[in-house]
Amino acid sequence: MTTVSPAIGEGVSGISSVRDLVNEKLVLWHFMASLTYVMIAMLAGFLYALQLQQLYPFPGIELFSPGRWRMVHTNGVAYGFIANAFLGALHWAVPRLTLRRVLSVKLSWFIFAAWQVVVLSTVVGLLTGYAQAVEWGETPIFIDPLAVVGLILVAINFLTPILKSEGPMYVTLWYFIAAFVWTVLVYAMGNYIPQFFVGGVASGAIAGLFIHDLVGLFVTPLGWGLMYYFVPIILKKPIWSHGLSLVGFWGLAFFYPLNGIHHFLYSPIPMFLQYGAVIATIAVELVVTTVVVNFFMTLRHRGDALRTNLAIRWFYIGMVFYFMTCLQCAFQVSLTFQKIIHFTDWVVGHSHLVMFGVFGFWILGMMVHLLPRLLGATGWYRSSWNEWHFWLTGISMLVMFFDLMIAGLVQGFMWKDLAVWEATLTASAPFWLIRTFSGVAIIVGQFFFISNILMTAVYKRPAEPSTEPVDTSAIDPVVAT
Amino acid sequence: MFESKSGIFLIAGLFFFALSFVVMGLLPWLMYIDEPEQTMEDLVADGVIHEFVDLAERFPDRFAKYFPDGVTRTSFAAALKRGHEIYVAEACWHCHTQQIRPVSGEDLRWGPVSHAREYQNVLQRPVLFGTRRVGPDLIREGARHGNDWHIAHFHTPVSVVPTSVMPRYSWFYDEDDYPNRDGMSIITYVQWLGSWLAEYPYYRGEGPAGVELGATDIITDAMVTP
C-alpha cells in the first residue's frame with residue numbers, strides 16, 4: 001500500500017473540515033453509554049463473586065438471583081461496554097478513513113437509541129427470567145430480532161461510506177468490512193439456529209461456534225482495525241510491515257471461524273471435528289504472533305511513547321495480554337490440557353484477560369486519547385488520576401488472571417483425583433477471595449477514571465499544566481504508509 | 001482482489017464464514033440428521049419417574065393444586081418443561097455441566113460417559129453441555145439424592161452442604177416453605193436427568209400408595225432405553 005490519503009478539504013466535495021465529517025457528539029454518547037454499562041457489568045461481577053464467597057448480600061431474592069446477575073455481567077460487557085465503545089470509535093474512524101460521512105447521522109442516532117433499548121431490555125429480560133440457553137447470547141428470544149435489525153443498520157450505515165470511497169484501502173477498513181458482515185451473520189446464527197432449527201449435539205457445535213465467533217469475528221476484527229488506525233496516528237509513523245498486515249488479516253479470516261468446536265472438546269461432538277478445531281486454533285496462535293510482531297516493530301525507536309503517552313501504553317499492554325491469552329490458548333486447546341482445565345476457573349481467567357485485558361484496555365486507551373477533545377477540554381483534569389486508573393486496573397487484571405489460572409489447575413487436578421466436591425470448594429475459596437479483591441481494585445480504578453471524566457467535563461482544562469498535550473494530529477487522517 | 005472492497009467483503013465476510021459454518025456447524029448437524037429429536041411426548045411415553053410420584057405423595061394437597069391432572073404423563077411433561085425453563089432462566093447451566101467426558105475419571109465420579117443420542121430431545125435445545133463446573137455435573141443427577149434432600153438444598157444449600165456456594169432459591173417455595181409449582185418442577189427436572197439410562201435406580205415397579213394411576217401411567221421397564 002503506497003497511498004497517502006488526501007488531506008481534508010481536498011478532492012471530496014462538500015466537506016471542508018473534519019467537523020463536517022465526524023459527529024463528535026455521537027462518539028461521546030456512545031462512550032458514555034459504554035462506561036455506564038461497564039460499571040453495571042463490573043458491579044454485577046462483584047455481586048457474583050460475593051456469592052462464591054458465601055457473602056451474597058441479597059440471598060433468596062428472585063430479582064437478585066446470582067445466576068441471573070452473572071448473565072448481566074457477561075452480556076453487559078459484550079453488548080453494553082464493548083459494542084457501544086466500538087460504535088463510538090467507528091464514528092470517529094470511519095469518516096476519517098473514507099473522507100465521507102456515515103450514511104445518515106439521523107440513522108446513527110436511531111441506532112444509538114435502539115442499541116440502548118436492546119441492552120437495557122436484555123438486562124431486564126435476564127433479571128426477570130427470560131434468558132436463552134446460549135452462552136454470550138442469553139439475550140431473550142424476543143429481543144434478538146431488534147438486535148439483528150440494529151446490527152444490519154450499523155452495517156449499512158458504515159459500509160456505505162467505505163464502499164463509496166475510492167483508491168486503495170487501509171488495513172483498518174479490511175477488518176471493518178469483514179466485521180460488519182460477520183457480526184450480523186454470527187449473531188443471527190448463534191441466536192436462532194440452536195433454538196429453532198436444530199437441538200442436541202449439533203446445537204452445541206453451533207453454540208460453540210457462536211461463542212467463539214462473537215469474540216473472533218465481531219470484537220477482534222473491530223479491535224484490531226481500530227489499533228491499526230490509532231497506533232500509527234499517535235506514534236506518527238506507519239505500521240511496520242504491510243505484508244504482515246495482510247498475513248494477519250487473511251490468517252484471522254480463514255482460521256478464526258474454524259475454531260468453534262474447541263469449546264466442547266471431549267464432548268459427544270464427533271472427534272474428528274474436535275481435532276480440526278484444535279489444529280485451527282493452533283494456527284490462529286501463529287497468525288496472532290505475526291500481528292503482534294508487526295505492532296511491536298512499529299513501536300521500535302518510539303518506545304518512549306509507552307511512558308509519555310497513556311493511550312499507547314493501554315494499547316500495547318493490551319497487545320501483550322493478547323499475546324498471552326493466545327499463547328495460553330494454544331496450550332489449553334490441546335487435549336492434554338483439556339483433561340484438567342476444562343470447566344475450571346482457568347477458562348474464566350482466560351476470558352477475563354481477553355474481553356477486558358485486551359479489548360477493554362484498548363477501549364480505555366481510545367477513551368483516554370479522545371475524551372478530553374470530545375468534552376471540549378484542553379486536557380485531562382488530572383493526569384495522575386489516569387495513572388492510578390491504569391496501574392490499578394492493569395495490576396489487578398494480572399493478579400486476577402494468574403489467580404484464576406492457578407485456581408483452575410488446583411480444581412482440575414482435585415477433580416481428576418476424585419476429591420469430594422466440597423473439598424474442591426474449600427480449596428477454591430482462597431483463590432476466589434483474591435479474585436474478589438482484584439475485581440474490587442479494578443472497580444476502584446474505574447472510579448478514578450470516571451471522576452476524572454466528570455471533572456474534565458466540568459472544568460474543561462487541566463488542574464495542573466499537562467505533561468501530555470492533547471494530540472491534535474489525531475484530527476488528520478494521516479494513516480497511509 | 002485481496003485489498004479491493006468487494007473482494008474482502010466476499011472472501012472474508014461471506015465465503016470464509018460459510019466455510020466455517022459448513023465445517024463447524026452443518027457437518028455435525030448432518031451427522032445426526034437421522035437421529036430424530038425426541039418430543040415432550042416421546043420423553044414421557046414410558047411413564048413418570050418415581051420422584052414425581054413421591055412429590056405427589058408427600059404434598060398431596062399442594063400437588064393437586066399445581067398439577068390438577070394428578071400423577072399423569074401430562075403433568076410430568078409440564079413439570080419437566082417448567083423445570084427446564086427454570087434451569088435456563090436461573091443459569092444453573094453456568095455452574096453445572098451436563099456432560100460426562102471420557103477423561104479425568106469423570107465416569108467414576110458420575111456414571112457412564114455421555115452419548116450423543118442422549119441429547120437428541122427438545123429439552124436439549126439449545127444443548128446444556130455447560131462450560132463451567134462450580135457445582136458437580138448433573139446429567140446423572142437423577143435419584144442420587146432423595147426429594148427431601150433437594151427440598152432442603154434448593155431452599156438453603158448450606159444447610160445440607162456447609163461449604164456450598166450454590167445460591168438460595170427461596171422463590172421455589174410457598175409462604176409455608178413447601179415447594180411451590182416451580183420448586184416441584186425443578187426437582188422433577190433434576191431427578192429426571194439420567195433416568196433414561198439402564199443404570200438409573202428407578203425403583204422398578206414400585207407404585208405410589210394411595211394414588212390412583214391410570215393404566216398407562218405406571219413406571220415401566222421401557223424407561224430403560226439405549
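## Pockets and cavities in a two-chain model

Four helices of chain A, namely α3 (66-98), α5 (144-164), α6 (171-197) and α7 (200-235), each supply at least two residues of the lining of the second largest cavity. Bear in mind as you look around that this is a predicted model. The space in this second largest cavity comes to about 130 Å³. Its lining has 13 residues, and those closest to the centre are A:L87, A:L151, A:V154, A:T183 and A:F218. By class, 12 residues of this lining are nonpolar and 1 is polar, while no charged residues take part. Across the model, the count of cavities of 30 Å³ or more is 10.

Now to the open spaces. The table sets the two largest pockets beside the cavity just described.

| Space | Volume | Lining by class |
|---|---|---|
| Largest pocket | about 690 Å³ | 22 nonpolar, 8 polar, 6 charged residues |
| Second largest pocket | about 570 Å³ | 15 nonpolar, 5 polar, 8 charged residues |
| Second largest cavity | about 130 Å³ | 12 nonpolar, 1 polar, no charged residues |

The largest pocket offers about 690 Å³ of space. Among the 36 residues that line this pocket, B:H96, B:G135, B:P136, B:H153 and B:M166 are the closest to its centre. Both chains contribute helices here: α2 (24-52) and α15 (421-459) of chain A, along with α6 (106-110), α7 (147-155) and α9 (181-192) of chain B, each supply at least two lining residues. The largest share, 4 residues, belongs to α7(B).

The second largest pocket is lined by 28 residues. Nearest its centre you will find A:A131 from chain A, together with B:H84, B:E85, B:I86 and B:V88 from chain B. Helix α5 (residues 73-89) of chain B gives the most to this lining, with 7 residues.

Chain B is also worth viewing as a whole. Its domain assignment gives domain 1 (1-31) and domain 2 (40-192). The C-alpha centres of these two domains of chain B lie 40 Å apart.

Finally, here is a single residue to visit in chain A. A:T290 lies in helix α9 (residues 271-299) of that chain. Is A:T290 buried or exposed? A:T290 counts as buried because its relative accessibility is 19%, and the limit for buried is under 20%. Leaving aside residues up to four places away in sequence, A:T290 touches A:L244, A:V247 and A:G248.

Note on methods. Residues numbered from 1 in each chain as written. Chains lettered and ligands numbered in written order. Predicted model: local features only at pLDDT ≥ 70, side-chain atom pairs only at ≥ 80, totals over all residues. Heavy atoms only, no water. Domains from an automatic or database assignment. 1 Å grid on protein atoms, 1.4 Å probe; cavity = no way out; pocket = protein on both sides within 12 Å on 5 of 7 lines; lining within 4 Å. Points joined across faces, edges and corners; volume = space filled by probe spheres on them. Nonpolar A, V, L, I, M, F, W, Y, C, P; charged D, E, K, R; others polar. Buried < 20%, exposed > 50% of the residue type's maximum accessible area, 1.4 Å probe, protein only. Contact = heavy atoms within 4.5 Å.
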